[in-house]
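Student: Please give me a close look at one part of this model. After that, set it in its surroundings.

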Amino acid sequence: MTSVASTAALEVEGLCKSFKAVRALDQVALSLHYGQVTALLGDNGAGKSTLVKCVSGVYAPDSGVIRVDGTARSIASPEAARSLGVETVHQTLAVIDPLDVVENLFLNRELTRGGRLGAWLGLLDKKRMRAESREILGRLEIRIPSLRRSMSALSGGQRQAVAIGRAAAWGQQIVLLDEPAAALGVEQAARVLDLIRNLRDAGVAVLLITHNMERVISVCDRAVVLRQGRKAVEVEVSEVTKDDLVAYITGAQTGDIDP
Amino acid sequence: MMIAQSLPVARRYGIAVVTVALFLGLAATTDGFLSQANFRNILDQQSALLIAASFATITMISGGFDISAASVYVVSPLFALQVENSTGNAALAVAVGVAVGLAVGVGNGLVVTVLKVNSFIATLATSFMVFGAGFLVSDRSVLRASTDAWPSIARTRWWGITTGAWLAAAVVAVAWILLSRTRFGRHVYAVGGNAEAARLAGVPVARVKTICFALAGASAGLAGVVSSSRSLSALPSDDFSFVFGVIAAVVVGGTSIAGGEGAVWRTIAGAFFIALMINGFNLHQIDPIWQRVIQGAVILAAVSIDAWSQRRAL
């Protein structure tokens, strides 16, 4: 799982984004490849979430190019990102509590019945959505006690699993995960990592933001480190240690020195 | 864990249980309660409120709090009757009445979504403007229907039930299906449950909210028309009491004022609970002053249960 694949699934070049006087992203480049997990590392405020939000259509970058499958795209809205096969699990805004599991999985992707008239009226096909939800969760080996439970009745791990499951179910190409296991216990976090491996094995290009170096070592192929909005270094995870990664993040070791 | 799981169930079906219990209690203890005439009367009296409350429920679930229903309810029949008086065309008058409500609702929706004003304050402000328009259009006097068609809108009887009640049933059915069976309904829950998450999922949050206010306005307009068809007249005022009845039915039914949770059928149950309660008071000749106190206590209990279950959910 080393070396670079052919065309990048997602390629970012010269990405800049400022908030008033603060330069959140400064000429950042990044590429994601199919069947690989790329870690996006950096201290708080390094620009990780901003980068994810630029790619997922939440923020409009000030300048820079975003290529999906080699074609330059402007991603003006979350809807535009989704239509390009880019699915995102944002840090805290992943699921809607009062809705149940099926409703969250199919949020804004609801299936309708009754042909074209039904589609125009938006008549929900609840039965098919429930069946497909079962299939999606089964495929990803996510175990949820009941699909009819509202999200607020589920544990943190189950909620996060549903959020990732939604991204995985629709993002057949590219999935961006912003600290998906941050609030989870050890066992639940391990389940999330398994889920990420399943995605990778299915050929999905995955971007993982995390503060946990063990997770980087255990699941990621490459790591990109941001520092103060700039790309500090990009490394093959198999060639570095946890301590190296921490040193890159804090700036104790610069990217110019070959590891 | 037992409480955490039983509470949503209590909240979901509690209103149905207490409404049935009240019904049975009144049936057992009260002379004159179990009569067709009494029930027809209750149905007819509730028709305007049910029309407005079913769509007010949808707005509340979307996270909006719309108190402009009272002003629309008062003013839409004034516009409608002016049209009826001058053209003699009752159908056109009804359309105008509903359109007035729709226009106010769209205005509310735009103020809330574009200017990002808190919806309670926004609809309070538009209420005053609409009440004012009512005095202007009616020249501060009572308007009376001039055609026979006007009373027939809500007072015709089909199988013993007034057309006002049939109309209410139809509106309730539309609201119910829209909310529970369509994508739009799903998006209403999503927007009220977590607007930011809904936006990130690509749901057009502002459009969904605006449509909610628009439909609520139109339904309040229709409610005003039905009411004036029952009374054959319309009177300009600045009386907010109609919307308090609407909101009471919604929250007693168990729809959350925080948004994201609720159902049209619950509001119907809430409306009938309050209506049966008042009916029982009247049949037992309980002092109207005490009626108010008890009604207030019931509303307080309903929102307390809501607040309590919100805390449990966290």
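Tutor: What follows is a close look at the sheets of chain A, and then at the chains around them.

The model is predicted: local features need pLDDT of at least 70, side-chain atom pairs count only at pLDDT 80 or more, and totals for chains, interfaces and linings use all residues. Residues are numbered from 1 along each chain as its sequence is written, while chains are lettered from A and ligands numbered from 1 in the order in which they are written.

Let us begin with the chain as a whole. Chain A contains nine helices and 10 strands; both kinds are DSSP runs numbered from the N terminus, helices being H or I over at least four residues and strands E over at least two. Its radius of gyration is 19 Å, close to the 18 Å that the globule rule gives for 259 residues, so chain A is as compact as a globular protein of that length. That radius is taken over C-alpha atoms, and the rule is 2.2 Å times the number of residues to the power 0.38. The C-alpha trace spans about 60 × 40 × 35 Å along the principal axes of chain A.

Now the six-stranded sheet. It is open, with the order β6-β7-β8-β3-β9-β10 in chain A and mixed pairing; two strands pair if DSSP finds at least two bridges between them. Its edge strands are β6 and β10 (230–236) of chain A, each pairing on one side only. On average, neighbouring strands of this sheet are turned by 15 degrees against each other, direction ignored. Such angles run from 0 to 180 degrees between N-to-C directions, and axes are lines fitted to C-alpha atoms, for helices over the stretch in contact.

At one edge, β6(A) pairs with strand β7 (residues 174–178) of chain A in the parallel sense over four bridges, and Glu87(A) has Val175(A) as its bridge partner in β7(A). In a regular strand, side chains alternate between the two faces of the sheet. Strand β6 (residues 86–89) of chain A is covered on both: Val86(A) and Thr88(A) on one side, Glu87(A) and Val89(A) on the other, are all buried. Buried means that 20 or more other C-beta atoms lie within 10 Å of the residue's own, exposed means 12 or fewer, and partly exposed is in between, with C-beta atoms placed from the backbone. At the other edge, strand β9 (residues 222–227) of chain A is joined to β10(A) by six bridges in an antiparallel run, with Arg222(A) opposite Glu236(A) in β10(A).

Helices lie against this sheet. Helix α6 (residues 156–170) of chain A packs on it, touching β6 and β7 of chain A, and its direction makes about 175 degrees with that of β6(A). Touching refers to contacts, in which the C-beta atoms of two residues, placed from the backbone, lie within 7 Å. α1(A) lies across β3 (37–41), β6, β7, β8 (205–209) and β9 of chain A, at about 145 degrees to β7(A).

Chain A has a four-stranded sheet as well, open and antiparallel, in the order β2-β1-β4-β5. Here β2 (22–32) and β5 (71–73) of chain A are the edge strands, each pairing on one side only, and neighbouring strands are turned by 30 degrees on average, direction ignored. Strand β1 (residues 10–19) and strand β4 (residues 63–68) of chain A pair antiparallel over five bridges; Glu13(A) has Val65(A) as its bridge partner in β4(A). Helix α1 (residues 48–55) of chain A packs on this sheet too, touching β1, β2 and β4 of chain A, with its direction at about 115 degrees to that of β1(A).

Finally, the neighbour. The contact between the chains takes 22 residues from chain A and 20 residues from chain B. On the chain A side, helix α2 (residues 78–83) of chain A gives the largest share, three residues. That side divides into 12 nonpolar, five polar and five charged residues, where Ala, Val, Leu, Ile, Met, Phe, Trp, Tyr, Cys and Pro count as nonpolar, Asp, Glu, Lys and Arg as charged, and the others, Gly among them, as polar. Chain B itself has 13 helices and four strands, and 49% of its 314 residues count as buried.
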